Amino acid sequence: MKALVYEKYAKDNDFASILKLKDIPEPNVKQNEVLFRVKAAALNYDDIWGMRGKPLAVPLPHISGTDAAGEVIAVGENVKNIKVGDRVVSHGNMSCRVCSACTSGREYDCRDRKIWGFETGPLWGGYCEIAHLPEINVIKIPDNVSYDEAAAASMTLLTSWHMLVGRAKIRPGQTVLVMGGSSGVGIFGIQIAKLYGCTVIATASPEKLEKLKELGADYAVDHRKDDWHKEVRAITKEIVKLNGGSPGIDVIFEHIGGSHFNKELTLLKYGSTMVTTGATTGYDAPADLRHIFFKGINILGSTQGTRAELEEGFHWMGQGKIKVIIDSVFTFENAVDAHEKMLNGKGLVGKIILKP
Ligand SMILES: [Zn+2]
């Protein structure tokens with residue numbers, strides 16, 4: 001079968017010199033696994049880290065691809081709930097399933113956890129014609145969700161769902177601030193908060209503000225402005241006039257970090273919550289601690305999520321309540337262009353899809 005393989009790490013992001021379309025043997029199905037013919041896979045930033053070999057020296061030779069969707073063509077003898085012909089998408093969070101974190105429902109905290117297509121291998125990821133995964137690492141795709149949409153949603157939808165539903169436990173009537181609303185996780189953050197009956201203020205750069213409204217955000221704010229947080233503060237006063245309560249934010253959906261972090265803290269209500277999953281503009285975020293202790297703020301870290309949460313998110317995709325944005329579709333032959341587009345990031349809204 002065809003697979004996108006690299007055998008050494010890239011220098012200076014020269015992906016063209018290492019990433020090759022190769023013929024490799026088809027996998028044999030193990031007792032607990034399903035084999036599926038890949039119809040679509042979605043790019044994630046861990047593909048870039050993998051090819052760089054930094055911050056993690058991924059196993060070589062390597063096949064990337066954490067989000068893959070396809071049709072099941074074989075199942076192992078111990079597989080119970082998936083059958084040949086099923087449409088499935090990967091749950092790329094591979095945990096041990098027996099440690100105390102896993103058995104208390106926190107598979108994302110498993111110390112043996114590996115991200116499929118990033119930390120797995122050699123030659124075990126989604127950018128190939130026939131992929132194999134344990135039954136527990138795939139879920140069925142609702143009928144009216146396409147393979148492209150399923151691949152585009154898997155890891156980012158799960159991350160966003162876990163942040164807001166699993167960690168921050170959002171409730172109807174809350175005011176939610178989604179930072180970076182046009183990003184992969186932000187797109188879902190807006191829609192999940194609306195699904196839960198929240199008022200949503202979302203931020204993005206000026207050319208993407210209209211997109212936020214299309215996704216359901218009630219208010220859109222340009223976070224490139226120095227005093228963007230003052231604009232958010234003013235909006236929360238407007239929301240109080242409409243809905244009552246006190247001004248400020250109940251839940252902040254954070255993955256930006258850097259200089260925005262402290263401004264975000266000033267917006268939070270007493271006893272409110274910030275949930276964070278990343279730091280795209282910088283890990284070192286100054287924080288005026290008075291905002292945290294005096295207001296009794298909860299700061300929650302979050303990464304990945306559970307298989308059950310992924311199923312929940314996909315249920316609502318099947319109901320048409322959560323939509324996916326696909327930026328562009330590439331073939332395996334043009335994988336280098338696809339990765340360069342993701343690295344460049346300019347004008348990118350939504351996911352990049354790769355197809356065999
Ligand atoms: Zn475990």
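Me: Before we get going, what counts as a salt bridge here?
Reply: A side-chain nitrogen of Lys or Arg has to sit within a set distance of a carboxyl oxygen of Asp or Glu. Keep in mind that the model is predicted. The cut-off between those N and O atoms is 4 Å.

Me: OK, so which residue forms a salt bridge with Glu 214?
Reply: The closest N and O atoms of the pair are 3.6 Å apart, and the rule asks for within 4 Å. Both residues lie in helix α5 (residues 209-214), three residues apart, or about one turn of the helix. The partner is Lys 211.

Me: Is Glu 214 buried or exposed?
Reply: The cut-off for exposed is over 50% relative accessible area. Its partner Lys 211 has 30% and is partly exposed. Glu 214 comes in at 59%, so it counts as exposed.

Me: What is the N to O distance between Asp 226 and Lys 263?
Reply: Their side chains meet in a salt bridge. The pair links distant parts of the chain, 37 residues apart: Asp 226 sits in the loop between β12 (219-222) and α6 (228-243), and Lys 263 in helix α7 (residues 260-267). On accessibility, Asp 226 is exposed at 65%, while Lys 263 is partly exposed at 22%. The N to O distance is 3.9 Å.

Me: Which residue forms a salt bridge with Asp 109?
Reply: Asp 109 is partly exposed, with a relative accessible area of 32%. The partner is also partly exposed, at 35%. The closest N and O atoms of the two are 2.7 Å apart, and the partner is Arg 106.

Me: How many salt bridges does the rule give in total?
Reply: Three pairs have come up so far, including Glu 214 with Lys 211, Asp 226 with Lys 263 and Asp 109 with Arg 106. By the rule, the count comes to 16.

Me: Switching to the metal, what is the geometry of the zinc ion site?
Reply: The protein donors are the SG atoms of Cys 96, Cys 99, Cys 102 and Cys 110, lying 2.3 Å from the zinc ion. Angles among the four donor atoms run from 105 to 117 degrees. The test wants all angles between 85 and 135 degrees, so the site is tetrahedral.

Me: How are the zinc donor residues spaced in sequence, and how far apart in sequence are the parts tied together by Cys 96 and Cys 110?
Reply: The spacing reads C-x2-C-x2-C-x7-C. Cys 96 lies in the loop between β6 (93-94) and α2 (100-103), and Cys 110 in the loop between α2 and β7 (114-115). So the pair ties together parts that are 14 residues apart.

Me: Is Cys 110 buried or exposed?
Reply: Buried means under 20% relative accessible area. Cys 96 has 27% and counts as partly exposed. Cys 110 has 3%, so it counts as buried.

Me: Zooming out, what radius of gyration does the chain have?
Reply: The C-alpha trace spans about 65 × 45 × 35 Å along its principal axes. With 356 residues, a compact globule would come out near 21 Å. The chain agrees with that, at 21 Å.

Me: What share of the contacts between residues at least 6 apart joins residues at least 24 apart?
Reply: The chain has 10 helices and 17 strands, and 54% of its residues count as buried. Among those contacts, the share joining residues at least 24 apart is 70%.

Notes
Residues numbered from 1 in each chain as written. Predicted model: local features only at pLDDT ≥ 70, side-chain atom pairs only at ≥ 80, totals over all residues. Heavy atoms only, no water. Donors = N, O, S within 2.8 Å, 3.2 Å for Na, K, Ca; no water. Tetrahedral: all angles 85-135°; square planar, octahedral: opposite > 155°, others 65-115°. Helix = DSSP H or I, 4+ residues; strand = E, 2+ residues; numbered from the N terminus. Buried < 20%, exposed > 50% of the residue type's maximum accessible area, 1.4 Å probe, protein only. Rg over C-alpha atoms; globule rule 2.2 N^0.38 Å. Contact = heavy atoms within 4.5 Å.
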